[in-house]
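User: I am learning to read protein structures, and I would like to understand where the words used to describe them come from. Could you take me through this one slowly?

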Amino acid sequence: MVKDTTCPSHGVEFDEEEMEEVMKQLIEGQHLLVNLGEDIPAGTPPWFDEKKFEAGKQFVKKYYGGIFFCHLVSLIMMLYSPQVLKPLIFTEKSETPKKSYRRYISTSIHVMSWYMGDMWQADSKARRSLRLVRQYHTDAATRLNSVEIRPSVDNTEITKCGLPLHKGQPILEVLQKDFSSIPNCPFLSQLNGSYKNANAFPVEQIPYLNQLDMSGTQFAFMGLVLLHPEKFGISRATERELEGFVHIWRCIGWILGIDDRFNFCRLDSLPQARRWTRYFADKLVCPSMKMSVTAEYEHMGRAVADGARCYTGISYETFYLFIAWVLGLPMPQLEKHASLADTLSFRRLTYIFGVIGNLPFGNYLINGIHYLTLKLIIDPPRFWPKRFRPPMIKGLKEFWVHT
């Protein structure tokens, strides 16, 4: 029986043994569905801290360009789990660059509305967006876990992804060689087989969209920002602002149906949050990348990167060089494999986010580029030539919030 670590003493930094207990408790969430239904609990949670929340919102307003680039990087990185990949492939809404482009931009607009809007006001854009996302999750979980559909989801393979996106130059073996130096996951025995690799025979049938999956999604949105702000042009953020950002994601997790004991951001004092996030990255995320890299992983990651390329100009290989730089992972094989163009693009990224973004007012330059990109996609000015803008996506303007 794992002891409950939901409400630790504020500001008390955990030791290794206590981090292990937190992880074991989180992994228990693989057995439980996220709380479903369109209805969002009224009011704020009992642990809500308005000062932290407002500090987090101010943080986002100052650094949203770097934050949203981090979201994109994390999305590509976190596609390693077959438990997450199989539903994405089965639903056929993300397996091509065009579909992935629409899905990522849609997600960005919804998340922007949460950051910039008032998620506690019943009729706000942010609240309507969160209600819609909860409904999406409810519909998906009901369908994917149904008796009729579940076997088809479990047996989803790379053949359902369509034509390969690697153009005859996959980097799957390259990644596998570079990842071989990552230590194994110490919690392997507690994880269901569906988290290990696509062909593993699971000990039990755990639900799709479970509490552990949703907690991992929280990490994808805030983890790298918290651990490596200096690599996303956010080095000048204060500790109060970073702590507030963690608190925002604790609130979002609560609204989207994550139980407090499985909420990744429940340790929202900054020393605890940093230590816990580092532990999760070292003990679960990086080892999972090592054991779960498959053809499906590369294909879906390329779909995301190629879909975003119309406005980033960045290849999948460049994204992965950047991911390795952020995490501090040595990737000698990938560096040899990467083309000169990919290498130069990677160096340009590290200069933009590692140098320019961290200069006074550098964050506002990155913010401006991000804002203009989304503006051109969602609500382009009439005077802007079509050939100089990304493909427009209709139907998202109602959730577009920016201040």
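Analyst: What follows is a set of questions and answers about the words used for this predicted model.

User: What makes Glu-243 buried rather than exposed?

Analyst: The relative accessible area of Glu-243 is 18%, and the word buried is used for values under 20%, so Glu-243 is called buried. This residue sits in helix α9, which covers residues 239-255. If neighbours within four places in sequence are set aside, Glu-243 is in contact with Lys-52, Asp-268, Ser-269 and Leu-270. The C-alpha atoms of Glu-243 and Gln-272 are separated by 10.0 Å, although these two residues are 29 residues apart along the chain.

User: Why is Arg-348 called partly exposed?

Analyst: Arg-348 has a relative accessible area of 40%, and since buried means under 20% and exposed means over 50%, with partly exposed in between, the value for Arg-348 leads to the middle term. Arg-348 belongs to helix α14, and, not counting residues up to four places away in sequence, it touches Thr-312 and Ile-314.

User: How do you know whether Leu-209 and Phe-361 are buried or exposed?

Analyst: For Leu-209 the relative accessible area is 17%, and because that lies under the 20% limit, Leu-209 is buried. For Phe-361 the relative accessibility is 64%, and because that lies over 50%, Phe-361 counts as exposed. Leu-209 is found in the loop between α7 and α8, while Phe-361 is found in the loop between α14 and α15.

User: What is notable about the phi of Leu-209 and of Phe-361?

Analyst: Most residues other than glycine have a negative phi. Leu-209, however, has a positive phi of about 60° although it is not a glycine, and Phe-361, also not a glycine, has a positive phi of about 70°.

User: Why is helix α3 described as mostly covered?

Analyst: Helix α3 runs over residues 82-91, and 8 of its 10 residues are buried, where buried means that the relative accessible area is under 20%. The buried residues of α3 are Pro-82, Gln-83, Leu-85, Lys-86, Pro-87, Leu-88, Ile-89 and Phe-90. They pack against several helices, among them α4, α5 and α10.

User: Which residues touch the most other members of the largest nonpolar core, and which helix gives the most to it?

Analyst: The largest nonpolar core has 123 residues, and those that touch the most other members are Phe-59, Ile-105, Tyr-115, Leu-175, Trp-249, Trp-276 and Tyr-320. Helix α2, residues 50-77, gives the most to this core, with 13 residues. A second, separate core has 6 residues, including Phe-90 and Tyr-208. In soluble globular proteins, nonpolar side chains tend to be buried together.

User: Why are α12 and α14 called oblique to each other?

Analyst: The axes of α12, residues 316-327, and α14, residues 340-354, come within 9 Å and cross at roughly 45°. Angles under 35 degrees would count as roughly parallel and those from 65 to 115 as roughly perpendicular, so an angle of roughly 45° falls among the oblique ones, and α12 and α14 are therefore oblique to each other. The crossing in which α12 passes α14 is right-handed. By class, their contact has 6 nonpolar, 5 polar and 2 charged residues.

User: What makes α11 roughly perpendicular to α12?

Analyst: Helix α11, residues 295-312, packs with α12 at an angle of about 105°, with the axes 8 Å apart. Because angles from 65 to 115 degrees count as roughly perpendicular, α11 is roughly perpendicular to α12. The residues of this contact divide into 5 nonpolar, 2 polar and 3 charged.

User: How do you know how α2 is turned relative to α12, and what classes of residue meet there?

Analyst: The angle between α2 and α12 is about 100°, with their axes 10 Å apart, and since this angle lies between 65 and 115 degrees, α2 is roughly perpendicular to α12. Phe-69, Leu-72, Val-73, Ile-76 and Met-77 in α2 meet Tyr-316, Phe-319, Phe-322, Ile-323 and Leu-327 in α12. The residues of this contact divide into 10 nonpolar, no polar and no charged.

Key
Residues numbered from 1 in each chain as written. Predicted model: local features only at pLDDT ≥ 70, side-chain atom pairs only at ≥ 80, totals over all residues. Heavy atoms only, no water. Core = buried A, V, L, I, M, F, W, Y, C linked by side-chain atoms within 4.5 Å. Buried < 20%, exposed > 50% of the residue type's maximum accessible area, 1.4 Å probe, protein only. Helix = DSSP H or I, 4+ residues; strand = E, 2+ residues; numbered from the N terminus. Axes fitted to C-alpha atoms, helices over the stretch in contact; angles between N-to-C directions. Parallel < 35°, antiparallel > 145°, perpendicular 65-115°, else oblique. Left-handed = near helix turned anticlockwise from the far one by under 90°. Nonpolar A, V, L, I, M, F, W, Y, C, P; charged D, E, K, R; others polar. Contact = heavy atoms within 4.5 Å.
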